[in-house]
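User: I'd like a close look at one part of this model, and then how it fits with what surrounds it. Here is the structure.

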Amino acid sequence: MIEFVSAASTGARELHFTPAGGKPRVFQRADVLMLSSAELQQFAGDYVSPEIQVTYTVVARQGDLMVQRPGRAAIILRPLLPDAFTGAVLGVVTFSRDAQGAITGFAVNLTGVRGLRFDRVKQAG
C-alpha cells in the first residue's frame, strides 16, 4: 500500500509504503544540498586505493566536485549528504573524517562493490 501523509511535526508530505506482509517504510522529501566552493575545496586532493593500486584526484572546479582517473574522463560528483556524493561509474562516494574533521579518504559503493577504500595521500592547494 502507498499513501501520502502530512507529517505531524512539520506538516511536510511523506510517502508511506507498506509492502504486503512487510514493515512500513516512510520517505520524506529532502531539499537539494548545495555546497559552497570553499566546502567543496575541502574534498580536493589525491586519494589512493591500496586494493586496486590506483590514485584518483578529486578537484573542485566551477561549483562541481570531480574525480579524475588516469586515462579516463572526469566524473562529476553530486552531493547527497554533507559527506556523501553520487557519480556515474562510482555510485555512492562517502568521505570519512578524523576526530578533528579533516577528510581522510572515501569509500565507493555500487552494485557489486562495497566499501572500496581510497585513502587521502595529498590535499590540494
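Where does glutamine 53 lie? Take me through that spot and then on into the barrel and its aromatic residues.

Analyst: Glutamine 53 sits in the loop between E4 and E5. Keep in mind that this is a predicted model. Confidence is on your side for one flank of that loop: strand E4 (residues 45–49) has the highest mean pLDDT among the elements, 97, while strand E1 (residues 2–6) has the lowest, 76. For the whole chain the mean is 89, with 92% of residues at 70 or more.

Now the backbone. Most residues other than glycine have a negative phi. Glutamine 53 isn't a glycine, yet its phi is positive, about 50°. It is also exposed, at 71% relative accessible area. Valine 89 is another case, with a positive phi of about 75°. That valine is in the loop between strand E8 (84–87) and strand E9 (91–97), and with 56% relative accessibility it counts as exposed.

On to the barrel. E4 and E5 are neighbours in a closed, eight-stranded barrel with antiparallel pairing, in the order E4-E5-E6-E7-E8-E9-E10-E11. From one strand to the next, the twist averages 35°. Past the loop, E5 (residues 54–61) pairs with E6 (residues 64–68) over five bridges, antiparallel; valine 58 has valine 67 of E6 as its bridge partner.

Next, the packing. The largest nonpolar core has 20 residues, and Phe95 and Phe106 touch the most other members. E5, E6, E7, E9, E10 and E11 each give two or more residues to this core. Leaving out neighbours within four places in sequence, phenylalanine 106 is in contact with a list of residues including Tyr47, Tyr56, Val58, Phe95 and Phe118.

As for the rings, there are eight aromatic pairs in the structure. One of them is phenylalanine 43 with phenylalanine 85: the centres are 5.1 Å apart and the planes at 80°, so it counts as edge-to-face. Phenylalanine 43 comes from the loop between helix H1 (37–41) and E4, and phenylalanine 85 from strand E8, so the pair ties together parts 42 residues apart in sequence. Phenylalanine 43 is buried at 2% relative accessible area, and phenylalanine 85 is buried at 0%. Tyrosine 47 and phenylalanine 106 make a tilted pair, 5.0 Å centre to centre with 55° between the planes. Here strand E4 meets strand E10, so the pair links parts 59 residues apart in sequence. Both tyrosine 47 and phenylalanine 106 are buried. These four residues belong to one aromatic cluster, along with Tyr56, Phe95 and Phe118.

Conventions: Residues are numbered from 1 along each chain as its sequence is written. This is a predicted model: local features need pLDDT of at least 70, side-chain atom pairs count only at pLDDT 80 or more; totals for chains, interfaces and linings use all residues. Side-chain values use heavy atoms; hydrogens and water are left out. pLDDT is the predictor's confidence in each residue, from 0 to 100. Helices (H or I, at least four residues) and strands (E, at least two) are DSSP runs, numbered from the N terminus. Two strands pair if DSSP finds at least two bridges between them. Axes are lines fitted to C-alpha atoms, for helices over the stretch in contact, and angles run from 0 to 180 degrees between N-to-C directions. Buried means under 20% relative accessible area, exposed over 50%, partly exposed in between (1.4 Å probe, protein chains only). A nonpolar core is a set of buried Ala, Val, Leu, Ile, Met, Phe, Trp, Tyr and Cys residues joined through side-chain atoms within 4.5 Å. Contact means heavy atoms within 4.5 Å. Rings of Phe, Tyr and Trp (its six-membered ring) pair if their centres lie within 6.5 Å; planes under 30 degrees apart count as stacked, over 60 as edge-to-face and the rest as tilted.
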